[in-house]
Amino acid sequence: MANKKVFVSGCYDMLHSGHIAFFKEAAQYGDLYVGIGSDSTILDLKKHMTICSERERLYMVKSIRYVTDACINRGSGIMDFIDSMERFSPDIFIVNEDGDTEDKRELCRKKGIEYIVLRREPESGLKARSSTMIRTQVRSQLPFRLDLAGTWIDQPYVSMYHPGWAITVSLEPTEEFPARCGMSTSTRNAMRKIWPYHLPDYNPEMMAKLAFCFENEPGKREMVSGAQDAIGICMPGLNRHWYNNNFWPEKIESCHDEKILSWLEDHLCMLLMWPRPDGTDVVKDSDITPENVRALADAADGCWDAIMRMDLNDFARYFRASFEAQVRMFPHMVNPEIENFISHYKDRALAWKLPGAGGGGYLVVLCDKPIEGSTRIKIRRREFQQ
């Protein structure tokens with residue numbers, strides 16, 4: 001007598017021991033067939049992209065010894081598996097406690113399929129696992145943004161006085177930078193609603209534009225996040241972007257030269273201060289004039305040229321000039337406590353700046369060699385050819 005056919009269905013993203021235990025128990029009732037939620041269905045239901053694509057998940061599930069066969073469900077919503085169920089014509093439909101619904105019970109009654117609900121039981125000696133539990137423990141691998149020069153020029157109320165470049169580098173998440181520290185954590189957190197764990201294998205500039213539009217709703221007029229944040233996170237390597245009285249740059253230039261990126265890593269380090277205090281208003285008493293903005297743009301030009309030549313002394317000169325131009329426009333970027341912090345490192349640093357809006361966070365230091373106790377940067381390299 002042939003074995004009964006058993007059918008189960010689920011996402012099976014972040015495949016873990018709980019899934020395997022479920023497959024093992026379900027397979028005791030007969031030959032096990034599995035329907036797998038498609039990428040589009042999971043995005044629609046759970047509002048986030050999958051960790052593993054549907055092709056990867058199909059490959060993994062079919063490789064499990066308890067599984068006879070599997071396929072990608074072609075329906076949508078909670079009941080996306082109906083076509084797969086008809087394809088395999090099972091005798092038994094098995095769900096776990098979390099997946100038990102009246103709609104599934106009614107479907108099985110109509111089709112004459114036995115319906116079984118299993119409790120979540122981990123394999124002996126193993127901890128209970130669920131995708132939700134793992135998801136809360138996994139650290140996001142989205143990059144961070146470090147702005148090197150031309151900061152603030154991505155705001156039209158600055159570049160309206162003089163166009164210029166902003167220079168950013170995309171950093172590997174070698175550590176979890178705290179909020180309000182100048183590393184674009186607010187933009188990164190907004191992006192995590194689209195890509196919770198890592199950036200997809202997609203055109204980086206297009207991803208940056210999508211992230212910028214997602215964070216800044218249409219019609220938004222106040223507190224528009226600068227485009228340099230999304231660009232700095234999404235576009236690998238070293239980038240400069242040209243702003244001319246608009247929120248999005250007119251052009252972007254990138255550097256992926258390994259010698260230059262390694263040179264930057266050897267001479268830039270970061271010193272943790274304290275989060276920007278609540279209520280800090282760095283734009284108060286701003287002095288945005290054509291002269292000051294021109295100085296900011298000229299300093300960014302000098303920084304890029306010096307970096308391309310790997311001229312440390314020239315880079316230091318223009319790096320200082322860029323930060324000084326920022327502070328002239330926005331004097332509340334610094335305060336006596338920050339000035340006192342900087343004074344401790346002047347004998348070991350060639351130049352320094354506060355990333356982001358200032359007021360606290362990190363001090364980025366340019367030096368002959370990294371300062372003891374500082375955070376080393378790791379620039380994200382290009383992952384694929386466009």
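Hi everyone, let's start with the open sheet of five strands, ordered β3-β2-β1-β4-β5 and paired in parallel fashion. Before going on, please keep in mind that this is a predicted model. So which strands stand at the edges of this sheet? They are β3, residues 67-72, and β5, residues 114-118. Each has a single partner strand, so one side of each is left without a neighbour in the sheet. From one strand to the next, the twist averages 25°.

Let me take you to the β3 edge. Strand β2, residues 31-36, pairs with β3 in the parallel sense, and five bridges link them. If you want a residue to click on, Leu32 stands opposite Val67 in β3. Helix α3, residues 54-62, packs on the sheet here, touching β2 and β3. The direction of α3 makes about 170° with that of β3.

Now over to the β5 edge. Helix α5, residues 102-111, lies across β4 (92-96) and β5. Relative to β5, helix α5 runs at about 150°.

On to the other sheet I'd like to show you. This one is open too, with four strands in the order β11-β12-β10-β13, and the pairing is antiparallel. At its edges you'll find β11 (351-353) and β13 (375-376), and each of them has a single partner strand, so one side of each lacks a neighbour in the sheet. Strand β10, residues 268-272, is joined to β13 by two bridges, and these strands run antiparallel. Looking at β10 and β13 in detail, Met270 has Thr375 in β13 as its bridge partner. Helix α13, residues 312-329, packs on this sheet and touches β10, β11 and β12 (362-366). Its direction makes about 35° with that of β11.

Next, a residue I'd like you to zoom in on: Phe341, which sits in helix α14, residues 336-343. Is Phe341 buried or exposed? With a relative accessible area of 14%, Phe341 is buried. And what does Phe341 contact, once we leave aside neighbours within four places in sequence? The answer is Leu271, Leu272, Met273, Trp274 and Leu363. Take Met273 from that list: Phe341 and Met273 are 68 residues apart in sequence, yet their C-alpha atoms are 7.9 Å apart in space.

Let's turn to a pair of helices. The axes of α11 (residues 258-267) and α12 (residues 290-309) come within 9 Å, crossing at roughly 110°. These two helices are therefore roughly perpendicular to each other. On the α11 side, the contact is made by Ile260, Trp263 and Leu264, and on the α12 side by Ala306, Ile307 and Met308. What is the make-up of this contact by class? There are six nonpolar residues, no polar ones and no charged ones.

Last stop, the cysteines. How many disulfides does the structure hold? Zero. Cys181 is in no disulfide, and the nearest cysteine sulfur, that of Cys269, is 15 Å away. Cys181 is also buried, at a relative accessible area of 1%. As for Cys269, the nearest cysteine sulfur belongs to Cys367 and is 3.9 Å away. A disulfide here needs the sulfur atoms within 2.5 Å, and Cys269 is in no disulfide. Cys269 counts as buried as well, with 0% relative accessibility.

That's my tour, thanks for listening, and I'm happy to go back to any of these views.

Note on methods. Residues are numbered from 1 along each chain as its sequence is written. This is a predicted model: local features need pLDDT of at least 70, side-chain atom pairs count only at pLDDT 80 or more; totals for chains, interfaces and linings use all residues. Side-chain values use heavy atoms; hydrogens and water are left out. Axes are lines fitted to C-alpha atoms, for helices over the stretch in contact, and angles run from 0 to 180 degrees between N-to-C directions. Angles under 35 degrees count as roughly parallel, over 145 as roughly antiparallel, 65 to 115 as roughly perpendicular and the rest as oblique. Contact means heavy atoms within 4.5 Å. Ala, Val, Leu, Ile, Met, Phe, Trp, Tyr, Cys and Pro count as nonpolar, Asp, Glu, Lys and Arg as charged, and the others, Gly among them, as polar. Two strands pair if DSSP finds at least two bridges between them. Buried means under 20% relative accessible area, exposed over 50%, partly exposed in between (1.4 Å probe, protein chains only).
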